[in-house]
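Me: I would like to go through this model term by term, asking each time what justifies the word that is used.

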Amino acid sequence: MLITSIPQYIQGITNAKIDLTATDAETLFTVPGDADFNAVVINSILVSNDDASNASSITITLVGDGLNSAGAVTSHNFVIFKSLAIAAKTTVEVLSKDLILKSGESLTVQPEHADRLHVVASIQELSKTRVTTSALSRI
């Protein structure tokens, strides 16, 4: 993926996977905060319910900085999907478009029931590497 104003390069690709065995909120993925990365693109989030007869639901939250009501930047929990229903024996793709997370932000998932849901996110890690015009002309 190329962000128009800032050249970006795929540094790596990965899948974040979790088997939700309890009803606590769990961190699915945290964007690395080191010098090599500045963002990730979440291409897909699959949620599957392996229970043979019982539905469940899931809440997916982005944790990161945002504006509060006074206009100040503070850490917030941004609910992306609240109590999204997942029928028994089904898999749902929850994203219709890519989701971009910045360095230090994370995705958390919380199921309604334990031992029913599995989550897999496909992720592209983007590097901060910038290629200058002069460097390109020498290639």
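Reply: Contact here means heavy atoms within 4.5 Å. The model is a predicted one, and of the contacts in the protein with a separation of 6 or more, 79% are accounted for by residues 24 or more positions apart.

Me: What makes up the protein in terms of helices and strands, and which pattern does it follow along the sequence?

Reply: The protein has one helix and nine strands, and read along the sequence it follows the pattern β-β-β-β-β-β-β-β-β-α.

Me: Why is Ser-44 called buried?

Reply: The word applies to residues under 20% relative accessible area, and because Ser-44 has a relative accessible area of 13%, it is called buried. Ser-44 lies in strand E3, which covers residues 37-49, and buried residues make up 35% of the 139 residues in the protein.

Me: What makes the pair of Ser-44 and Glu-93 a polar contact?

Reply: Such a contact requires a pair of N or O atoms within 3.5 Å, one able to donate a hydrogen and the other to accept it. The side chains of Ser-44 and Glu-93 are joined by a polar contact of 2.4 Å, so the distance satisfies the cut-off of 3.5 Å. Leaving aside neighbours within four places in sequence, Ser-44 is also in contact with Leu-95, Val-120, Ala-121 and Ser-122.

Me: How do you know that strand E4 and strand E8 pair?

Reply: Two strands pair if at least two bridges are found between them. Strand E4 (residues 56-67) and strand E8 (residues 106-111) are linked over six bridges in the antiparallel sense, and therefore they count as paired. One of the bridge partners in E8 is Ser-106, which is matched with Val-63.

Me: Which strands are the edge strands of the open sheet of four strands?

Reply: The order in this sheet is E2-E8-E4-E5, with antiparallel pairing. Strand E2 (26-30) and strand E5 (73-86) are the edge strands, since each pairs on one side only. Neighbouring strands of the sheet are turned by 25° against each other on average, direction ignored.

Me: Where does the predictor's confidence fall lowest and highest among the elements?

Reply: The confidence is given as pLDDT, on a scale from 0 to 100. Helix H1 (residues 133-137) has the lowest mean pLDDT, 46, whereas strand E6 (residues 90-93) has the highest, 98. Over residues 131-139 the pLDDT is below 50, and beyond near neighbours in sequence this stretch has two contacts in the model. For the protein, the mean pLDDT is 87, with 85% of its residues reaching 70 or more.

Methods: Residues are numbered from 1 along each chain as its sequence is written. This is a predicted model: local features need pLDDT of at least 70, side-chain atom pairs count only at pLDDT 80 or more; totals for chains, interfaces and linings use all residues. Side-chain values use heavy atoms; hydrogens and water are left out. Helices (H or I, at least four residues) and strands (E, at least two) are DSSP runs, numbered from the N terminus. Axes are lines fitted to C-alpha atoms, for helices over the stretch in contact, and angles run from 0 to 180 degrees between N-to-C directions. Buried means under 20% relative accessible area, exposed over 50%, partly exposed in between (1.4 Å probe, protein chains only).
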